[in-house]
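Please look through the sequence and the model below, and then read the report that follows, which moves from one helix outward to ring contacts, strands and the chain as a whole.

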Amino acid sequence: MNQNDTVWVVAFLCESCFSFVWLLITCIKWSPADYKTYPDRLDERVHDLPSVDMFVTTADPVREPPIIVVNTVLSLLAVNYPANKLACYVSDDGCSPLTYFSLKEASKFAKIWVPFCKKYNVNVRAPFMYFLNPPAATEGSEFGKDWEMTKREYEKLSKKLEEATGSPHWLDAEDDFEAFSNTKPNDHSTIVKVVWENKGGVGDEKEVPHVVYISREKRPNYFHQYKAGAMNFLVRVSGLMTNAPYMLNVDCDMYANEADVVRQAMCIFLQQSMNSNHCAFVQYPQDFYDSNVGELTVLQLYLGRGIAGIQGPLYGGSGCFHTRRVMYGLSLDDLEDDGSLSSIATRKYLAEESLAREFGKSKEMVKSVVDALQRKSYLHNTLKDSLEAAQEVGHCHYEYQTSWGNTIGWLYDSTTEDVNTSIGIHSRGWTSSYILPDPPAFLGCMPQGGPGTMVQQRRWATGLLEVLFNKQSPLIGMFRRKIRFRQRLAYLYVFSWGLRSIPELFYCLLPAYCVLHNSALFPKGVYLGIIVTLVGMHCLYTLWEFMSLGFSVQSWYVSQSFGRIKTTCSWLFSIFDIILKLLGISKTVFIVTKKTMPETKSGSGSEKSQGEVDCPNKDSGKFEFDGSLYFLPGTFIVLVNLAALAGCSVGLQRLSPRHGGGGSGLAEACGCVLVVILFLPFLKGMFEKGKYGIPLSTLSKAAFLAVLFVVFSVGN
């Protein structure tokens with residue numbers, strides 16, 4: 001290094017970070033695990049199956065249209081599980097009468113949809129996806145008639161919701177909407193309404209599970225803990241009404257794509273083995289129907305299975321079945337071998353003063369907690385018997401001086417409440433399980449275009465850094481907690497996503513700097529051959545990972561490209577967010593991303609595979625831009641590397657290197673070309689117009705920074 005420029009020191013530090021990340025990944029993937037379930041074996045004990053409370057969260061009827069929420073709810077109501085053992089709770093943090101109206105209408109359609117799905121064993125149970133492509137010609141058959149009738153009813157539902165969105169005349173037509181009068185999304189009282197109650201259900205195929213709408217109290221200038229606060233309210237309300245031992249939570253756009261999804265999870269929880277009581281949650285991978293998500297699929301298959309082989313997968317925020325007792329703060333040491341509370345835990349958790357202090361002052365809530373911890377059934381004659389108590393536990397100040405969000409329920413202090421809660425569970429000694437069914441259990445939609453994706457990636461990276469620097473950090477309590485060492489390394493890999501933006505940004509600029517400065521980034525001769533060989537081996541290995549899962553070379557390239565873009569353009573801003581939070585200057589903000597869905601086709605034709613979505617739009621897959629700062633780093637990187645290539649061709653670089661390591665050569669120029677290829681969407685964006693083109697303001701700022709970089713590189 002003494003014989004070369006300081007650029008080698010920078011390169012060494014960056015490569016050390018990359019090597020550390022590679023070691024973490026290798027450690028995680030070392031012992032993958034697979035879980036295979038046999039849901040048919042549950043048929044023998046169908047009457048003994050436990051109850052499940054299903055949670056759906058939404059926050060904005062504009063960004064998360066009610067038709068998407070309705071489809072998710074309908075898919076959950078129609079799963080292959082006794083209807084009298086299910087209850088669906090929808091949390092609306094936007095306090096939208098439109099969302100409530102949509103649920104009321106959906107509950108009426110559910111009385112047609114649920115029996116239809118179970119009668120004909122429909123695979124995909126979200127109506128919008130099922131009706132996307134018509135089945136093979138079945139005119140005159142009973143199925144054909146039922147299919148046409150069900151489709152007409154769904155189209156009526158869709159049209160009614162569309163009309164209600166533009167003309168809220170229905171709001172004044174019914175007294176049922178009085179609770180929504182004079183309300184604002186951030187200023188309203190608690191609203192709990194039983195949309196549909198399955199009274200006296202015995203699990204018949206024509207029954208529809210309970211549907212409950214809730215919206216917790218919100219007041220201005222009061223911090224509501226984002227999604228984690230909504231989830232904890234769901235836990236309390238469901239505990240008062242149905243108190244099921246297991247809870248499923250899904251995002252409002254994540255519909256159930258596998259009819260046996262609940263039964264598969266129960267196979268894990270009910271297995272007769274030594275560790276059957278040790279599983280805290282069952283996580284399904286997150287899959288999407290509307291975008292190229294090869295990178296996420298590969299990540300979940302290889303890294304997800306790897307973490308599953310250690311202490312269990314991380315909680316991903318959606319598509320996860322939780323154990324209620326674990327969410328109430330139990331540790332593994334609190335249980336006997338048969339799953340009952342130990343004598344010490346009984347005194348610790350069931351003392352009356354302790355219960356009120358930990359869970360709040362609601363007597364009904366305390367009673368439901370005791371029943372849940374002792375695995376007792378807790379049923380009301382009707383759900384409406386619990387409405388008053390449910391209102392009480394939804395007040396803004398109910399959690400004040402309790403353990404909600406601290407050691408009980410979904411944990412606070414991070415916008416990524418999922419992994420924050422996950423590491424808290426694993427730290428108490430619990431394990432988790434990972435199921436990879438085919439077809440995927442849940443399917444959702446990704447944010448459309450570049451801006452939405454950048455916002456989402458920034459939120460994730462910021463939230464992960466929040467956990468890295470809070471009390472749940474894997475760097476704290478190394479020997480005190482019951483989390484395994486390799487599991488701790490897995491969390492460290494995920495939590496440090498945002499920090500990787502700095503070395504990646506520098507490394508994208510190093511080839512251009514070396515070309516302009518006429519200094520060597522790579523060694524010469526045989527050592528360069530070693531580097532090229534290692535890089536080639538790594539590329540071939542990652543390409544094999546993609547192609548072995550059925551993805552194309554283009555998908556592999558898109559993954560590599562977007563990996564660099566999100567790291568340098570989106571994750572970079574998470575560092576500023578966490579610095580401002582740690583300094584007490586500002587707080588992180590949870591921004592809801594916009595959801596969309598494909599339109600249902602009409603007509604006849606051959607049936608396509610379930611879940612297949614046509615993308616007739618010629619612009620689908622194009623990268624979108626706007627005037628936000630997210631796209632400034634990427635544009636700057638492309639301009640700098642183009643300037644370096646142009647400068648090299650016209651002799652703009654320094655005449656002779658200062659150090660004895662030699663000047664730049666073909667390797668450094670190839671490095672610039674590689675960076676431009678990885679940021680190809682930005683290069684194309686310079687010549688596009690509209691939302692697919694980079695705004696002139698962003699180009700101007702990036703060009704100014706690029707000129708400064710060139711002057712610094714040549715003159716330094």
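Helix 17, which spans residues 485-495, is mostly covered in this predicted model, since nine of its eleven residues are buried. The buried residues are Gln-487, Arg-488, Leu-489, Ala-490, Tyr-491, Leu-492, Tyr-493, Val-494 and Phe-495. Two of these, Tyr-491 and Phe-495, both buried, are four residues apart in helix 17 and are thus separated by about one helical turn. An α-helix has 3.6 residues a turn, so residues three or four places apart point the same way.

**Aromatic pairs and charges over rings**

How many aromatic pairs does a search of the whole structure find? The search finds 48 of them, and two are set out in the table.

| Ring pair | Distance between centres | Angle between planes | Arrangement |
|---|---|---|---|
| Tyr-120 and Phe-143 | 5.0 Å | 70 degrees | edge-to-face |
| Tyr-491 and Phe-495 | 5.5 Å | 35 degrees | tilted |

The planes of Tyr-120 and Phe-143 stand at 70 degrees, so the pair is edge-to-face, the cut-off for that class being over 60 degrees. Because Tyr-120 lies in helix 3 (residues 97-120) and Phe-143 in helix 5 (residues 142-166), the pair ties together parts that are 23 residues apart in sequence. Tyr-120 itself is partly exposed, with a relative accessible area of 23%. Both rings also belong to a cluster linked by ring pairs, whose members are Phe-109, Trp-113, Phe-116, Tyr-120, Tyr-130, Phe-131, Phe-143, Trp-147 and Tyr-154.

Rings in this model also meet charged side chains. The charged end of Arg-41 sits over the ring of Tyr-38, at 4.2 Å from the ring centre, while Arg-236 lies over the face of Trp-404, with 5.0 Å to the centre of that ring.

**Strand 9 and its partners**

Which way do the residues of strand 9 point, and are they buried or exposed? Within strand 9 (residues 320-323), Cys-320 and His-322 point one way and Phe-321 and Thr-323 the other way, and all are buried. Strand 5 (residues 246-251) runs antiparallel to strand 9 and is joined to it by four bridges, with Asn-249 standing opposite Cys-320. Strand 7 (residues 279-283) is likewise antiparallel to strand 9, to which three bridges join it, and here Gln-283 has Cys-320 as its bridge partner. Cys-320 is thus bridged to Gln-283 and stands opposite Asn-249.

**The chain as a whole**

The protein contains 24 helices and eleven strands, and 56% of its 716 residues count as buried. Among contacts between residues at least 6 apart in sequence, 83% join residues at least 24 apart. The exposed area of the protein is about 32000 Å², of which carbon and sulfur atoms supply 58%.

According to the unreviewed UniProt entry, the annotation "transmembrane region" covers residues 6-28, 490-513, 525-547, 568-592, 630-652, 664-682 and 694-714. How much of residues 525-547 is helix in the model? That span is 96% helix and 0% strand, and its end C-alpha atoms lie 33 Å apart. Over residues 568-592, by comparison, the chain is 60% helix and 0% strand, with 22 Å between the end C-alpha atoms.

Note on methods
Residues are numbered from 1 along each chain as its sequence is written. This is a predicted model: local features need pLDDT of at least 70, side-chain atom pairs count only at pLDDT 80 or more; totals for chains, interfaces and linings use all residues. Side-chain values use heavy atoms; hydrogens and water are left out. Buried means under 20% relative accessible area, exposed over 50%, partly exposed in between (1.4 Å probe, protein chains only). Helices (H or I, at least four residues) and strands (E, at least two) are DSSP runs, numbered from the N terminus. Two strands pair if DSSP finds at least two bridges between them. Rings of Phe, Tyr and Trp (its six-membered ring) pair if their centres lie within 6.5 Å; planes under 30 degrees apart count as stacked, over 60 as edge-to-face and the rest as tilted. A charge sits over a ring if NZ of Lys or CZ of Arg is within 6 Å of the ring centre and within 35 degrees of the ring normal. Contact means heavy atoms within 4.5 Å. Accessible areas come from the Shrake-Rupley method with a 1.4 Å probe; for residues, only the protein chains shown count as cover. UniProt positions are given in the numbering used here, feature names are shortened, and annotations may be inferred rather than shown by experiment.
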